[in-house]
Number of protein chains: 2
Amino acid sequence: MNTAEKLSALSTPELIIDERKMMANIVRMRSRPELAKVSLRPHLKTAKSVEVALRLISTPKGPGTVSTLKEAEVYFEAGISDLIYAVGISPQKLPRVLALHRAGCDLKVLLDTPEQAKALIEASKAHSSPIPALIEIDSDGHRGGLEPGDPLLIEIGRILHAGGLLRGVLTHAGDSYNAVGREAHAQFAEKERLAAVTTAQALRSAGLPCPIVSAGSTPTASAIRSTEGLTEVRAGVYVFFDLVMAGIGVCKMEDIALSVLTTVIGHQRSRGWILVDAGWMALSRDRGTARQAVDQGYGLVCDVDGKAFGDLIVNSVNQEHGILSLRPGSKSSLPELPVGTQLRILPNHACATAAQFDSYFVIPENADAPLKTWPRFGGW
Amino acid sequence: MNTAEKLSALSTPELIIDERKMMANIVRMRSRPELAKVSLRPHLKTAKSVEVALRLISTPKGPGTVSTLKEAEVYFEAGISDLIYAVGISPQKLPRVLALHRAGCDLKVLLDTPEQAKALIEASKAHSSPIPALIEIDSDGHRGGLEPGDPLLIEIGRILHAGGLLRGVLTHAGDSYNAVGREAHAQFAEKERLAAVTTAQALRSAGLPCPIVSAGSTPTASAIRSTEGLTEVRAGVYVFFDLVMAGIGVCKMEDIALSVLTTVIGHQRSRGWILVDAGWMALSRDRGTARQAVDQGYGLVCDVDGKAFGDLIVNSVNQEHGILSLRPGSKSSLPELPVGTQLRILPNHACATAAQFDSYFVIPENADAPLKTWPRFGGW
């Protein structure tokens, strides 16, 4: 049975993984010679799937990165215990962090204020359970973290170290998603590296430990030249890739392993529209390619085998309707796609689109095998 | 215990309903004298919650509108049997529609092509189970449907009627969301009404039945002056309302019954930023106010009691980070909100934000009662 026949049994919209492409993406990143001297700590937030996570990590215990405590809880249940929760910790979340530690999970939290460090010390003492922490460093003005040189670094380091909680520094150049081309990403990688390494050195110069020096994002991990001084590199969306990553040159269109299966439900021929049953509820409202050189609308349309029609994009969406049309200025003609035709849409942003579904249908590496179903979780 | 104390026990982000505001929204629409002569068929897609649906509908059996077969299945399980599935039907979905009919659900489907009508006739005959259908009418060039005057109307009507499946016409002026003010919405309501009524008359003139003449959206149902010729009016998002609806004058800011509870997790004081743990995963990527007179970013920030700070909005988002800042040009000063402070964010688009969660926490009408939890479903 070929792929089209396997997919024809599905009610749409559904979320599809091409396992062969996914595994190639995983192997490509893992094999980068530039990453040979550091640990690769994949971000497990894109997939929110134990099956995908187990294929991403390099040992059964990890390491891995998470963006919610729910992820930490689910992945720890699956045996992945070396985790960083890479979002600033609030005091209200400490009871769940403590519960994970008591169960044996080596979950490291992130912070950038003395108040958070003190709350961590108090909770760790009160429960005789040390919660290790990384200090967040801002390498590109993108969101949280201390700028290198901020005197709070040593103050927070001392507070944490007094309780034995200081584990290192972490940075993420989120703005690398807005830069195009390998050279630009390599420069962001070097900014990340310098920010992490100089703050690690500052901590050590003050007599403080800094065993973990962590940096990374998919664009920077894909382009990094030197990892000197880093102990690990993080990256996430490379497991699936998406149109945003293709648009900034981090992957090829053919590397995108995630798509939304949809069905034609109508036409407005006088307007050049084809209507499908994947609206924003399935595709997400992400418009990450809107500011790129090629605006892909709400996604690029492929046939059921995953081959793009070229200029056919999801031009607009309602909750459960997608409206396909040719890209503005296209000289192609609209393909004839009768009601009932199945199509696959490549997403702007894999994290956002995947989040709209509670399972994956997986086109297996072994072409003779049937589709697999992998559960997916959400929430916090 | 006051609201702030009740909410303080929650781990964030979480989705909050103010039940008093929700019930007021329901009652206000239900009581509109302009709707006295028609049936109100609420759209149950915004809430995706049996508890909310049972408060929205006027009798235990409905009527109601759904946007997915999953909604139809869940609501029918709760006893709501008079349903319209208001998205064009694809042949692949007919087995699930048939199963609902066999179980006793009066689910009406929507179509606008002879091919869909023929597929419906075949499936109905093959299973001796008539699937009633409405013909979709396009009243504003927004997405699917036949324009009034399209000769396909009678052709489709005849195909359906031959199998006893023709139940009526339906239209939705989705572009009314882009119009501001009651007068503009009343004009859209009249466009909807004329499109539905003229096509119903065309069917009847051709000797075909048209028992249901259905039109509506929250803006048009809120402004409609004459319902003459209609049998029912549909509306959905009014149950919660949102910033988009407030921005076009359909509701007041104080009517918005839905919010996302979040917690301050950091600051970038030199940039005037406050970081919270509600990013796009919690708020959705919806930017529906971006083209309105007042751009609310990814949401308007309120204190934990639901009182807006005025100019404080969610200026940008990452997956699990929201960055709050004052609206551009604001002369206010940034409020002092320490790490750990709980806040509530009013959403741009209630349907999109609610979809990111699998339950609601409900601030009860009775101030002395504890918070309630209502489950929420997703999927298709």
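**Two chains and the axis between them**

In this predicted model, Tyr85(B) touches seven residues that lie further than four places away in sequence: Val66(B), Leu69(B), Ala72(B), Leu107(B), Lys108(B), Val109(B) and Leu110(B). Tyr85(B) also belongs to the largest nonpolar core, which has 251 residues. Within that core, Tyr85(B) and Tyr85(A) are the members that touch the most others.

The next topic is how the two chains are arranged. Two copies of a chain are related by a rotation about an axis and a shift along it. Here, a turn of 180° with a shift of 0.0 Å along the axis lays chain A on chain B, and the RMSD is 0.0 Å. The two copies are therefore related as by a two-fold rotation axis. Which residue of chain A has its C-alpha nearest the axis? That residue is Arg285(A), with its C-alpha 2.5 Å from the axis. Both copies use the same surface, since 98% of the contact residues of chain A recur in chain B.

The contact between the chains can now be described from the side of chain A. In total, 47 residues of chain A are in contact with 46 residues of chain B. Several elements of chain A each supply at least two residues to the side that touches chain B: the strands β4 (82-88) and β10 (258-268), and the helices α6 (114-126), α11 (280-283) and α12 (350-354). The largest share, 4 residues, comes from β10(A). Sorted by class, the side of chain A that touches chain B has 21 polar, 15 nonpolar and 11 charged residues.

Definitions and conventions: Residues numbered from 1 in each chain as written. Chains lettered and ligands numbered in written order. Predicted model: local features only at pLDDT ≥ 70, side-chain atom pairs only at ≥ 80, totals over all residues. Core = buried A, V, L, I, M, F, W, Y, C linked by C-beta atoms within 7 Å. Buried ≥ 20, exposed ≤ 12 C-beta atoms within 10 Å, placed from the backbone. Contact = placed C-beta atoms within 7 Å. Least-squares fit on C-alpha atoms with pLDDT ≥ 70 in both. Nonpolar A, V, L, I, M, F, W, Y, C, P; charged D, E, K, R; others polar.
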